[in-house]
Structure formats: structure tokens, C-alpha cells
Amino acid sequence: FMHAAMGVFLTVYVEKKTGNLWLGGAALALYEAFGVLGVLCGGTLSDRVGRKQVLLCVLALAPAAVLLFVFSTGWIQILSLMVVGFTVLSTTPVMLALIQEHADKNPSAANGLFMMTSFAVRSIAVFLAGIMGDALGLENMFILSAAIGCCAIPFLLKMKC
């Protein structure tokens, strides 16, 4: 949910806060750039320290960083946006590695199923985030997306990997 909310509504949020569309575009570029770093580091790091440990760290940091982004200004807000991009976007390669490790007989089909499910769920999340943003305001939508992100932690803790 955080991935959908940040990726789609970050530019609108920043533009509404600052009145500057260029800053909104710069915020999205910064978020995505650090997301690329997160993708590159996430998979490699999970190879070394474990998938569950990396996902747990990311699922703890990402919601906190989203909240810090919403409630701060200036350099702290920029730094928190970097952390949000790095953490939120780094989960996909780690989850793909988990899928590949557990799909002994049909890894390609498992990968395709994961990607299909991911895109479908993200599309629904964008729609719901938009509804929440319209009804509650974008700031509250980001706060709720952080809270929803925390809901994944108990499921991760029950996972055997």
C-alpha cells in the first residue's frame, strides 16, 4: 500500500504542499532513485543476512520513514523521503528471491504468478489510496498507508523461511 501511495500520489502531495510542480517531480525522482538503490541492495543484502531479516527491517523502517516524511519539513523531510524510497521499493527483489527458493518445480510460473498478483494488488491499492486521499486528504492517506504497512509484520513473523 505504501508503494502504491508514494509512487502515485507523492508528486500531487508535494505540489499541493509547496505549490511547485517541479518540486513534486523532483521528490518523485529522488524517491525512485533511492528505490533503485534499494532494489540493488535489498536482494544482495538478503543473500547475506537472510530474507526474513531484511524484510523485517524494511517493514519496520518504511512506515516510520513515511510518517517522518509527512510530519517533517526541510532536510529531514528530504532524508526521510530517501529512506522511504530505499525501503519501500527494496522489498520486491527479496520477495522474488523467496518465491524462487520455494518454487522448486515451476520457478517461472511462480515468478509470473507473483508478478501478476503484485500488479493486480498494487492497482487496487492505488484505487483505494485515491479514494482515501479524496475523502481524508493526502496527508492522512499517507499516514494510513504507513499503518497498513505495519500490518505486514505479524504475517512476516509467522513465515517460515
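In the predicted model, the largest pocket encloses about 880 Å³ of space. Its lining is made up of 33 residues, and of these Phe1, Leu59, Thr91, Met95 and Ala152 are placed nearest the centre of the pocket. Contributions to the lining of the largest pocket come from many helices, with at least two residues supplied by each of α1 (2-18), α3 (51-71), α4 (74-89), α5 (91-102), α6 (107-136), α7 (138-150) and α8 (152-158). Among these contributions, that of α6 is the largest share, amounting to seven residues. When the lining of the largest pocket is divided by residue class, 22 residues are nonpolar, nine are polar and two are charged.

The second largest pocket has a volume of about 300 Å³ and is lined by 15 residues, with Val14, Thr18, Phe69, Gln77 and Ile78 lying nearest its centre. At least two residues of this lining are supplied by each of α1, α2 (21-49) and α4. The lining of the second largest pocket comprises nine nonpolar residues, five polar residues and one charged residue. Helices α1 and α4 thus recur, since each supplies at least two residues to the lining of the largest pocket and at least two to that of the second largest pocket.

The packing of the helices was examined next. Between α1 and α2, the axes are 7 Å apart and the packing angle is about 150°; because angles over 145 degrees count as roughly antiparallel, α1 and α2 are therefore assigned to that class. The crossing of these two helices, α1 and α2, is right-handed. On the side of α1, the contact is formed by His3, Met6, Gly7, Leu10, Thr11, Val14, Glu15 and Thr18, and these residues meet Leu21, Leu23, Gly24, Gly25, Ala27, Leu28 and Tyr31 of α2. By class, the contact of α1 with α2 contains eight nonpolar residues, six polar residues and one charged residue. Two of the α1 residues in this contact, Val14 and Thr18, are also among those nearest the centre of the second largest pocket.

Helix α1 also packs against α7, at an angle of about 155° and with the axes 10 Å apart, which makes α1 roughly antiparallel to α7. The crossing of α1 and α7 is left-handed, whereas that of α1 and α2 is right-handed. In the contact with α7, the participating residues of α1 are Met2, Ala5, Met6, Phe9, Leu10, Val12, Tyr13, Lys16 and Lys17, and their counterparts in α7 are Leu138, Glu139, Met141, Phe142, Ser145, Ala146 and Gly149. This contact of α1 with α7 has eleven nonpolar, two polar and three charged residues. Met6 and Leu10 of α1 take part in the contact with α7 and also in that with α2.

A further pair consists of α4 and α5, whose axes are 5 Å apart and enclose an angle of about 15°, so that α4 is roughly parallel to α5. Their contact involves Thr87, Val88 and Leu89 of α4 together with Thr91, Thr92 and Pro93 of α5. Three of the residues in the contact of α4 with α5 are nonpolar and three are polar, with no charged residues. Thr91, a member of this contact on the α5 side, is also one of the residues nearest the centre of the largest pocket.

Technical notes: Residues are numbered from 1 along each chain as its sequence is written. This is a predicted model: local features need pLDDT of at least 70, side-chain atom pairs count only at pLDDT 80 or more; totals for chains, interfaces and linings use all residues. Side-chain values use heavy atoms; hydrogens and water are left out. On a 1 Å grid over the protein atoms alone, a cavity is a set of points where a 1.4 Å probe fits but cannot get out, and a pocket is an open set with protein on both sides within 12 Å along at least five of seven lines; lining residues have an atom within 4 Å of a point. Grid points are joined across faces, edges and corners, and a volume is the space filled by probe spheres set on the points. Helices (H or I, at least four residues) and strands (E, at least two) are DSSP runs, numbered from the N terminus. Ala, Val, Leu, Ile, Met, Phe, Trp, Tyr, Cys and Pro count as nonpolar, Asp, Glu, Lys and Arg as charged, and the others, Gly among them, as polar. Axes are lines fitted to C-alpha atoms, for helices over the stretch in contact, and angles run from 0 to 180 degrees between N-to-C directions. Angles under 35 degrees count as roughly parallel, over 145 as roughly antiparallel, 65 to 115 as roughly perpendicular and the rest as oblique. A crossing is left-handed if the near helix is turned anticlockwise from the far one by less than a right angle, and right-handed if clockwise. Contact means heavy atoms within 4.5 Å.
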